[in-house]
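Please open the model in your viewer and keep the selection tool at hand. The tour proceeds stop by stop, with a short description at each one.

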Amino acid sequence: MMLYHYTTIDTLALILKNKTIRFNRLDKVDDVEEDAFSNGVHLGQYIFVSCWTKNSEESIPLWNMYGGTDGVRIGLDEDMFQTYVIHDLKLDNGLHSEGALLSIIPQKDIEANDYMIMPIVKGNMRSFFYRDVEYVDDVNSEVKDAFKLTIKECNLADTNIQFGKIGRYKNKRWAFQEECRFVINVFPFNPFRIDQNMVSTVCTQCYLQNKSLPFSYYDMHLRDDVINNIEITMGPNVSNGLKVIVDAICRQYTKKGKVKDSCLSGLLKMK
């Protein structure tokens, strides 16, 4: 399936040169209601998203909001991200890994010292990594109990976080976007580097303290074959000079990338 993303020509150049898609923190997106808080925990800072649409018909609002009518819309295959073989994890807490698995998160970000990106296993991405946005009347009512804390014996605490709720809902006023997205979850600690008996305690402390992550965005690498078959639609008001630049960028960084004019060219003028 082809997915579409409206953006600027500057960003297109970086996507093709670096072969990456940038994921932004949920609390940095344009919909303020998505900055999820649950029981005092700022969960939005630990969720990173890349936003797309499955609708192949060009959208005037999306052109205006994200690409500008002098921007571009890129089309990439849904299965766009590079795959890594994960094996022999270096764990500090006595656990050890056996065998190997295919993940679109590289091993270095699973073994990091002060954070861990939840592994996303190839073949199981649709259940967690990819999702269609659900449009609701009240976003807060859907996510307010996503973080739950249970006090056990000896004042120990157990944390339950429903990550699948965060980054899934938007208010119905945004339904015109027909959005789908990729979502990654980042722990502000690495459970593989903590004594097994202390994982729950450390987890609880980190979230209740709203511990910051060491980065504010995350770049995921694209497959070469997907980049080489990119579809680029020029904005409705792109000048002939910018078309030359986009054609040149596409020829330099892709083998079979296609550049085409907008079906709205000559039909609207936005300021």
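Strands, as the word is used here, are DSSP runs of at least two residues, numbered from the N terminus. The model on display is a predicted one.

**First stop: Glu231**

Select residues 231–234, which make up strand S17, and then pick out Glu231 within that strand. Is Glu231 buried or exposed? Residues under 20% relative accessible area count as buried. Glu231 has a relative accessible area of 18%, so the residue is classed as buried.

Next, display what surrounds Glu231. Which residues is Glu231 in contact with, leaving aside its neighbours within four places in sequence? They are Met2, Tyr4, Arg73, Ile74, Gly75, Lys258 and Lys260.

Two of the residues in contact with Glu231, Tyr4 and Arg73, deserve a selection of their own. Arg73 is placed over the face of Tyr4, and its distance from the ring centre is 4.1 Å.

**Second stop: the rings around Tyr207**

Now turn to the aromatic side chains, among which 17 aromatic pairs are counted. Select Phe147 and Tyr207: they form a tilted pair, with 6.1 Å from centre to centre and 50 degrees between the planes. Phe147 belongs to strand S12 (residues 147–151) and Tyr207 to helix H4 (residues 199–208), so this pair ties together parts that are 60 residues apart in sequence. Both Phe147 and Tyr207 are buried.

Keep Tyr207 selected and add Phe189. How are the rings of Phe189 and Tyr207 arranged? They form an edge-to-face pair, with 90 degrees between the planes and 6.3 Å from centre to centre. Phe189 is found in the loop between strand S15 (179–187) and H4, whereas Tyr207 is in helix H4 itself; the two residues are 18 apart, and the pair links distant parts of the chain. Phe189 is buried, as is Tyr207.

**Third stop: an aromatic cluster**

Select Phe23, Trp52, Phe81, Phe129, Tyr130 and Phe182 together; these residues form one aromatic cluster.

**Fourth stop: Lys170 and Trp174**

Select Lys170 and Trp174. The charged end of Lys170 is positioned over the ring of Trp174, at 4.6 Å from the centre of that ring.

**Final stop: a surface patch**

Switch to a surface display and select Met65, Tyr66 and Phe176. These residues make a nonpolar surface patch of about 250 Å². Within the patch, Tyr66 belongs to helix H2 (residues 60–67). How does Tyr66 stand in terms of exposure? Its relative accessible area is 31%, and Tyr66 is therefore partly exposed.

Terms used
Residues are numbered from 1 along each chain as its sequence is written. This is a predicted model: local features need pLDDT of at least 70, side-chain atom pairs count only at pLDDT 80 or more; totals for chains, interfaces and linings use all residues. Side-chain values use heavy atoms; hydrogens and water are left out. Helices (H or I, at least four residues) and strands (E, at least two) are DSSP runs, numbered from the N terminus. Buried means under 20% relative accessible area, exposed over 50%, partly exposed in between (1.4 Å probe, protein chains only). Contact means heavy atoms within 4.5 Å. Rings of Phe, Tyr and Trp (its six-membered ring) pair if their centres lie within 6.5 Å; planes under 30 degrees apart count as stacked, over 60 as edge-to-face and the rest as tilted. A charge sits over a ring if NZ of Lys or CZ of Arg is within 6 Å of the ring centre and within 35 degrees of the ring normal. Patches are made of residues with over 30% relative accessible area and no salt bridge: like charges are joined within 9 Å, nonpolar side chains (Val, Leu, Ile, Met, Phe, Trp, Tyr) within 5 Å. Accessible areas come from the Shrake-Rupley method with a 1.4 Å probe; for residues, only the protein chains shown count as cover. A salt bridge is a side-chain nitrogen of Lys or Arg within 4 Å of a carboxyl oxygen of Asp or Glu.
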